[in-house]
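Dear colleague,

I am passing on the structure below, together with some notes on what was found in it. Please read the notes with the coordinates open beside them.

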Amino acid sequence: VFISLEDEHGDVQVICHRAIWEKYRQTMMGARLMGVKGRWQRADGVCNLIAGYLEDRTDMLGALKTKSRNFH
């Protein structure tokens with residue numbers, strides 16, 4: 001599974017191998033704010049984050065109203 005993340009510095013692809021997807025599926029599907037820990041992969045100017053741990057940090061949003069942006 002690939003997750004695209006974007007901030008003011010640019011984009012990064014998070015790569016979740018099957019074992020990580022299965023372990024953290026509920027977090028990936030339900031979190032409005034997600035923490036990702038892993039290792040950087042750099043090749044030919046492309047950077048990816050290979051996920052090793054995902055954490056639902058939605059609680060940090062408090063009462064802030066959020067919604068997903070739909071790019072379709």
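Leaving aside its neighbours within four places in sequence, which residues is Ile3 in contact with? Taking contact to mean heavy atoms within 4.5 Å, Ile3 meets Val12, Gln13, Val14, Cys16, Met28 and Met34.

Before the details, some remarks on how the values were obtained. This is a predicted model, in which local features need pLDDT of at least 70 and side-chain atom pairs count only at pLDDT 80 or more, while totals for chains, interfaces and linings use all residues. Residues are numbered from 1 along each chain as its sequence is written, and side-chain values use heavy atoms, with hydrogens and water left out.

The overall picture is as follows. The protein has two helices and four strands, which follow the pattern β-β-α-α-β-β along the sequence; helices (H or I, at least four residues) and strands (E, at least two) are DSSP runs numbered from the N terminus. Along the principal axes, the C-alpha atoms fill a box of roughly 40 × 30 × 25 Å. Among contacts between residues at least 6 apart in sequence, 44% join residues at least 24 apart. Of the 72 residues, 22% count as buried, where buried means under 20% relative accessible area, exposed over 50% and partly exposed in between, with a 1.4 Å probe and protein chains only.

The largest nonpolar core (a set of buried Ala, Val, Leu, Ile, Met, Phe, Trp, Tyr and Cys residues joined through side-chain atoms within 4.5 Å) has nine residues, namely Ile3, Val14, Cys16, Ile20, Tyr24, Met28, Leu49, Ala51 and Leu54. Strand S4, residues 46–56, gives the most to this core, with three residues. In soluble globular proteins, nonpolar side chains tend to be buried together.

Two members of the core can be followed further. Ile3 lies in strand S1, residues 2–7, and counts as buried because its relative accessible area is 16%; its C-alpha atom is separated by 9.9 Å from that of Ala51, although the two residues are 48 apart along the chain. Ile20, not counting residues up to four places away in sequence, touches Arg25, Ala51, Gly52 and Leu54.

Strand S4 also holds Asn48, which counts as buried because its relative accessibility is 14%. Not counting residues up to four places away in sequence, Asn48 touches Val12, Gln13, Ile15, Arg39, Trp40 and Gln41.

In the segment after S4 one finds Thr58, which at 18% relative accessibility is likewise counted as buried. The side chains of Thr58 and Asp56 are joined by a polar contact of 2.5 Å, a polar contact being a pair of N or O atoms within 3.5 Å, of which, within protein, one must be able to donate a hydrogen and the other to accept it, with residues adjacent in sequence counting only if both atoms are side-chain atoms. Leaving aside neighbours within four places in sequence, Thr58 is in contact with Ala31, Arg32 and Leu33.

Finally, is Asp44, in the loop between strand S3 (34–43) and S4, buried or exposed? Asp44 counts as exposed because its relative accessible area is 83%, and this residue has a positive phi of about 55° although it is not a glycine.

With best regards
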